[in-house]
Amino acid sequence: MALRILSLGLLLALVAADTKFVDYVRQNYEANINEELVKQIQRELIASYTYQAYSSFFGRADIALPGFKKFFSEASTEEREHAQKLIDYVNQRGGHAQFSETDIATACDAMADVSILSGTRSRACICEFLRTKSSNECGPSFDGQYGLQAMEDALALERFVNQKLLDLHGLADTAGDAHLTHVLEHEFLEEQVSSIRELAGFVTRLRSFKTNYALGEYMFDQKLQ
């Protein structure tokens with residue numbers, strides 16, 4: 001009986017410990033920093049989920065753009081790896097990560113106010129490949145320029161994620177968390193800047209196919225493979 005009580009007590013202690021910081025590891029790591037890191041993990045998972053949906057779309061028989069499918073599949077994997085890096089980092093600092101659900105509604109809400117810097121649309125349409133109901137502005141036809149729309153929206157998403165990383169970097173800097181600022185600069189921000197530049201180049205190239213967009217998109221798809 002005593003052993004059972006001890007076992008129950010140990011179990012409760014472990015459950016309690018799972019909801020708190022690991023104080024003998026944690027050093028110069030504030031609770032608000034931990035909270036923002038968890039939010040960033042969620043954003044990376046949202047990006048991964050969104051890119052996976054894009055990959056599925058381009059793999060459809062009536063779309064048949066395997067290069068775009070491959071690109072977004074790899075992008076989805078990369079975003080999941082980013083999320084795992086942040087999870088590992090939270091544990092390394094003695095933090096605590098709790099996760100909420102990630103679904104299409106969460107992804108769409110996160111992107112609702114993101115500008116895509118396009119002359120043809122005032123907001124990102126990243127949800128339009130995911131939803132069954134489309135808006136008037138971002139209808140699924142969009143002149144059939146699926147590749148361009150996807151790359152414009154991916155650029156918007158990467159800029160959104162990058163801005164949140166910059167905000168997190170500023171918060172860490174204010175808190176004097178030198179280790180986190182170092183990690184963000186060398187393992188996340190540099191890669192984000194490169195991704196933004198790459199996607200911007202893709203958008204420029206796809207927008208240049210004015211005479212015969214379908215042929216240009218096909219050739220672009222071949223290079224993505």
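Colleague: Is E74 buried, partly exposed or exposed, and what is its relative accessible area?
Modeller: This is a predicted model, and every value here is computed from it. Exposed residues are those over 50% relative accessible area and buried ones those under 20%. E74 has a relative accessible area of 45%, and it therefore counts as partly exposed.

Colleague: Which residue does E74 meet in a salt bridge, and where do the two residues lie?
Modeller: The two residues both belong to helix α3, which spans residues 66-92, and they are four residues apart, about one turn of the helix. The partner counts as partly exposed, at 36% relative accessibility. The bridge has an N to O distance of 3.0 Å, and the residue that E74 meets is K70.

Colleague: How many salt bridges does a search of the whole structure find?
Modeller: Side chains of opposite charge can pair when their charged atoms come close. E35, E36 and K39 are linked in a network of such bridges, while D62 and R60 form another salt bridge. For the whole structure, the search finds six.

Colleague: How far apart are the closest N and O atoms of D62 and R60, and is D62 buried or exposed?
Modeller: The closest N and O atoms in the salt bridge of D62 with R60 are 2.7 Å apart. R60 counts as partly exposed, at 40% relative accessibility. For D62 the relative accessible area is 55%, and the cut-off for the upper class is over 50%, so D62 is exposed.

Colleague: Which residue forms a salt bridge with R207, and is that partner buried or exposed?
Modeller: R207 forms a salt bridge with E152, and their closest N and O atoms are 2.8 Å apart. This pair links distant parts of the chain, since R207 lies in helix α6 (residues 178-207) and E152 in helix α5 (residues 146-174), 55 residues apart. R207 counts as partly exposed at 33% relative accessibility. With a relative accessible area of 2%, the partner E152 is buried.

Colleague: Are α5 and α6 roughly parallel or roughly antiparallel to each other?
Modeller: The axes of α5 and α6 come within 9 Å and cross at roughly 160°, in a crossing that is left-handed. By class, the residues of this contact are 19 nonpolar, six polar and six charged. Angles over 145 degrees fall in the class that applies here, and α5 and α6 are therefore roughly antiparallel.

Colleague: How are α2 and α3 oriented, roughly parallel or roughly antiparallel?
Modeller: The axes of α2 and α3 come within 8 Å and cross at roughly 165°, and the handedness of this crossing is left-handed. The contact of α2 with α3 comprises 15 nonpolar, eight polar and four charged residues. Given the crossing at roughly 165°, α2 is roughly antiparallel to α3.

Colleague: Which element gives the most residues to the largest nonpolar core?
Modeller: In soluble globular proteins, nonpolar side chains tend to be buried together. The largest nonpolar core here has 44 residues, and those with the most contacts inside it are L37, F58, F68, F72, M151 and L180. Two or more residues come from each of α2 (31-58), α3, α5, α6 and α7 (213-224). With 11 residues, the element that gives the most to this core is α5.

Methods
Residues numbered from 1 in each chain as written. Predicted model: local features only at pLDDT ≥ 70, side-chain atom pairs only at ≥ 80, totals over all residues. Heavy atoms only, no water. Salt bridge = Lys/Arg side-chain N within 4 Å of Asp/Glu carboxyl O. Buried < 20%, exposed > 50% of the residue type's maximum accessible area, 1.4 Å probe, protein only. Axes fitted to C-alpha atoms, helices over the stretch in contact; angles between N-to-C directions. Parallel < 35°, antiparallel > 145°, perpendicular 65-115°, else oblique. Left-handed = near helix turned anticlockwise from the far one by under 90°. Nonpolar A, V, L, I, M, F, W, Y, C, P; charged D, E, K, R; others polar. Core = buried A, V, L, I, M, F, W, Y, C linked by side-chain atoms within 4.5 Å.
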